[in-house]
Amino acid sequence: MPFPAVVSASWLAERLAEPQVRPVDASWYLPSAGRDPAAEFAAAHVPGAVRFDLDVASDPDTPLPHMLPSADQFADAMSGLGLTDDDDIVVYDGSGINLSAARAWWMFRTFGHRRVAVLDGGFRRWVAEGRPVEAGDARVTPGRFTTRLDDTRVWDAAAVARVSETGSSQVVDARSAGRFAGTESEPRPGLRSGHIPRSRNVPFASLVGPDGLLLPPEELRHRFADAGIDLARP
């Protein structure tokens, strides 16, 4: 049976005692948020969770932020978290809108791990439902996590530039409307304002409701259609 891409807090709670079910806290925040994900993890996290540090799990050999690491680098980082090839991984973050959990989910999938899901509503939803939490550092025994890059899941800047020119594929910008329009300052110094030519804007925060839960499929389809995106095309 295919592993779900998104699971509820009740789904995770029912399976938390199973040894192959591994919660992963992938919380990360922009500097302007003034939040410390490491301190927040130490204060409270889903029982048994390990902390996925996006900064550590990114390519260390480029000045650009959060570039995809090599397959070997990702394998080493995830093995160091005690993860294995047989684990059912459930990724979450503390933003309330799954700011960074979806990025970690994509990285696991891109490196060949199919049994990975995002916790709907993240840690905020887990706490709101009265689920148990624990404090302190994660207890980690190194695992054996192997990787194989699926290069169909990631394009470089040159490939995106080509489809931007030709329109052969649609480019979707998930940043805020203000950043897309260039009316809102970029959070990192040195970045130009605006967006890739021909791209369409669907702010990621618009895909969840006030409770942080993913909108129903039909509502999601409307959001993309309203932005001018044809889900039948690449």
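The predicted model contains 8 helices and 7 strands. Its C-alpha atoms occupy a box of roughly 50 × 40 × 40 Å along the principal axes. The radius of gyration is 18 Å. A compact globule of 234 residues would have a value near 17 Å, so the two agree. Of the 234 residues, 38% count as buried. Contacts with a separation of 6 or more were also examined by sequence distance. Residues 24 or more positions apart account for 74% of them.

The surface was considered next. The protein exposes about 12700 Å². Carbon and sulfur atoms supply 55% of that area. The charged side chains number 25 positive and 32 negative. The centres of these two sets lie 4 Å apart.

The largest nonpolar core holds 22 residues. Within this core, Phe52, Phe74, Met78, Leu83, Ile89, Val91 and Phe108 touch the most other members. Four elements give two or more residues each to the core: helix 3 (71–80), strand 4 (88–92), helix 4 (101–110) and strand 5 (116–119). Helix 4 provides the largest share, with 5 residues. Another core lies apart from this one and has 15 residues. Phe3, Val7, Trp11 and Val46 are among its members.

Val91 illustrates the packing. Neighbours within four places in sequence were set aside. The remaining contacts of Val91 are with Val24, Ala26, Ala101, Ala104, Phe108, Val116, Ala117, Val118 and Leu119.

Two further positions were examined individually. Serine 169 sits in the loop between helix 6 (157–166) and strand 6 (172–173). Its relative accessible area is 15%. Serine 169 is therefore buried, since the cut-off for that class is under 20%. Residues up to four places away in sequence were again not counted for its contacts. On that basis, serine 169 touches Trp155, Val163, Arg233 and Pro234.

Aspartate 230 lies in the segment after helix 8 (217–226). The relative accessibility of aspartate 230 is 34%, so this residue counts as partly exposed. That class spans the range between the buried limit of 20% and the exposed limit of 50%. Aspartate 230 and glutamate 129 are 101 residues apart along the chain. Their C-alpha atoms are separated by 36 Å.

Methods. Residues are numbered from 1 along each chain as its sequence is written. This is a predicted model: local features need pLDDT of at least 70, side-chain atom pairs count only at pLDDT 80 or more; totals for chains, interfaces and linings use all residues. Side-chain values use heavy atoms; hydrogens and water are left out. A nonpolar core is a set of buried Ala, Val, Leu, Ile, Met, Phe, Trp, Tyr and Cys residues joined through side-chain atoms within 4.5 Å. Buried means under 20% relative accessible area, exposed over 50%, partly exposed in between (1.4 Å probe, protein chains only). Contact means heavy atoms within 4.5 Å. The radius of gyration is taken over C-alpha atoms; the globule rule is 2.2 Å times the number of residues to the power 0.38. Accessible areas come from the Shrake-Rupley method with a 1.4 Å probe; for residues, only the protein chains shown count as cover. Lys and Arg count as positive and Asp and Glu as negative; His and the chain ends are not counted. The place of a charge is taken as NZ of Lys, CZ of Arg, CG of Asp or CD of Glu.
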